[in-house]
Protein chains: 2
Amino acid sequence: MKFKLAAALAFTSALATPALADDAALREEAKGLFEVIPMQAPQLADSNAITRDKVDLGAMLFFDPRMSKSGVFSCQSCHNIGLGGVDGLETSVGHGWQQGPRNAPTMLNAVFNIAQFWDGRAPDLAAQAKGPVQAGVEMNNTPDNLVATVKSMPGYVSAFASAFPGEADPISFDNFALAVEAFEATLITPNSKFDQFLMGNDGALSADEKAGLQLFMDTGCASCHNGINIGGNGYYPFGVVETPGAEILPEGDTGRFKVTATADDEYVFRAGPLRNIALTAPYFHSGKVWDLKEAVAVMANSQLGAELDDTQIDQITAFLTALTGEQPQVVHPTLPVRTAATPKPAPMN
Amino acid sequence: MKFKLAAALAFTSALATPALADDAALREEAKGLFEVIPMQAPQLADSNAITRDKVDLGAMLFFDPRMSKSGVFSCQSCHNIGLGGVDGLETSVGHGWQQGPRNAPTMLNAVFNIAQFWDGRAPDLAAQAKGPVQAGVEMNNTPDNLVATVKSMPGYVSAFASAFPGEADPISFDNFALAVEAFEATLITPNSKFDQFLMGNDGALSADEKAGLQLFMDTGCASCHNGINIGGNGYYPFGVVETPGAEILPEGDTGRFKVTATADDEYVFRAGPLRNIALTAPYFHSGKVWDLKEAVAVMANSQLGAELDDTQIDQITAFLTALTGEQPQVVHPTLPVRTAATPKPAPMN
């Protein structure tokens, strides 16, 4: 799954300012590297059927702060559906006001990523969903307490029964994760200006955005950031050409090395998916860069060794802004009522 | 505005178990004390016109965690639209993981209350909205920083211009509060079983719920808990007949005395509005009682000195459960995109 960066970079063209290709040629080249976001959720690789009942249950679980030990945090707290799927913090604030180690990635279109988390340690959204609920610095819950919480409420008991028909014991931590995955799989953002251009609308992108797209492909950005999510589908070292300062790339976070324990994976991260990137500041796993244009410049220097002028950086930034799709419109679910058997929230321990 | 409790109690009948009146008589008696929740938001007493643009803006502000200094908390954090308008905690957790002094009251139907907060210190929802954003233990923001945050985002600039047409400088802390008030005024919960009974449907309440309604009126509960919100419209001492233990009534919180500095107001609180009370555990300003039936028993003892048997308490509890209305269905708003001028969240200071 891991691309060889040297090879990937080898086929990128020289860094001279490219002439803007005509629209048809630009579209053909782009269609060789990128894909249109579909209007509907895809089928899931883990055979988790996306049913209306399961999505509705997943939405309840996603928005329910009682999934955390404190009763304060839900999935939505750090993956805010109104904020492009992130929390807008450098790194998230969790249980006991602790700060997490990495910037919260968006769940929008995350179903299309090769794997989840900055280091790809979860193969899919179901595996991902089990992480934050248990992390001591995030929701600080246990699977047992989560299952006890859900089982205590008749509203959840019937919702799990409907979402997992025929199962003898539908309420489980695994099914919690599958329901959240099904809901999140519906959170896709079609019809960005870029998608409209790919689908054939020449006027969907401005001249600067088209120039940015051409530069994005010609200078090598698209070597790592390609596919349906324009990233999120391979692993690469942060600092291919020049290692960024510790402010942006903290030394203590060795990235995918912590997952694979392979020396090659030191400071290797999943390439950031760039869909809706204009909505999800601050940037990088450290969350230290707040300005998208600055992030583009950091990437050009550290990953490509490219000397881009200000206009070129502006054009690439303009292209990235054209990746903002239609945001999901979700009715906030009415959550089941607690009972005497529901574990009480415990924010202070 | 303050009812005289002694006088109010004087017209309650003796505490013998009442015979269940026939439905028409029960409805007539109830209509003398309570009102049906309307289907639509009422006109606001402060002449704040409820327009679609203002409600949409208010929804954005209500759900936006960037209204807090940390970027972590929004109005929704403690007044969760999926949880009956509360957070389900004894007292809310706020900035720096501090716990607030009192249980978060619901904003659902709060537009019908005589005033806001447990001690009524805010005359309306607009005044209320200005409190938590500034409270150091809650959102810890300042009006200046909030206005700067809003002004930095074109999405808010246009939304304020639409919501407050013709104003030279539409973005102000006052208008923030008016927009939140307009949104919250729409958060009403019509068509509870009790409302359906009041409107003429004999079958909307069960026999136990009808018996509970009769007891609620006959034993004196309705002396303080009456009107459209079945409470929320007058101030009364907690512990009329017998002072509850410090566990339920903490000695340090003297209630409305802190607002009026009048000795008569020591341990006086606004009577809790009982709409959707089955959804909003834990109970009382201290949030120390988690079970609705136990809360009814505490009230009977402390406020009425009534010796109610277990069946009677069950019946009153059943009646209270029939006060759950149709919950608001609100699409989570897509929030405006930050800019370089937007103040950064500051969770750690």
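**Exercise 1. Work out how chain A is related to chain B.**

Solution. Start with the superposition: a turn of 180° and a shift of 0.0 Å along the axis lay chain A on chain B, with an RMSD of 0.0 Å. The fit is by least squares on the C-alpha atoms of residues with pLDDT of at least 70 in both copies. That turn and shift are the relation of a two-fold axis. Next, look for the axis itself: of the residues of chain A, Val331(A) comes closest to it, its C-alpha being 2.0 Å away.

A quick note on what you're looking at: this is a predicted model, where local features need pLDDT of at least 70 and side-chain atom pairs count only at pLDDT 80 or more, while totals for chains, interfaces and linings use all residues. Residues are numbered from 1 along each chain as its sequence is written, chains are lettered from A in the order in which they are written, and side-chain values use heavy atoms, with hydrogens and water left out.

**Exercise 2. Describe the contact between chain A and chain B.**

Solution. Count residues to begin with: chain A gives 40 and chain B gives 40 (contact means heavy atoms within 4.5 Å). Then take the area: about 3,200 Å² is buried between the chains, 71% of it on carbon and sulfur atoms. Buried area here is the accessible area, with a 1.4 Å probe, that two parts lose on being put together, summed over both. On the chain A side, Trp97(A), Trp290(A) and His332(A) lose the most, together 23% of what that side buries. Last, check for salt bridges (a side-chain nitrogen of Lys or Arg within 4 Å of a carboxyl oxygen of Asp or Glu): between the two chains there are zero.

**Exercise 3. Find what the salt bridge of Arg27(A) and Asp202(A) ties together.**

Solution. Over all chains the structure holds 28 salt bridges. In this one, the side chains meet at 2.5 Å, N to O. Arg27(A) sits in helix α2 (residues 23–31) and Asp202(A) in the loop between α9 (193–198) and α10 (207–218), so the pair joins parts of chain A that are 175 residues apart in sequence. Helices are DSSP runs (H or I, at least four residues), numbered from the N terminus. Now compare exposure, where buried is under 20% relative accessible area, exposed over 50% and partly exposed in between (1.4 Å probe, protein chains only). Arg27(A) is buried at 11%, whereas Asp202(A) is partly exposed at 33%.

Key
Helix = DSSP H or I, 4+ residues; strand = E, 2+ residues; numbered from the N terminus.
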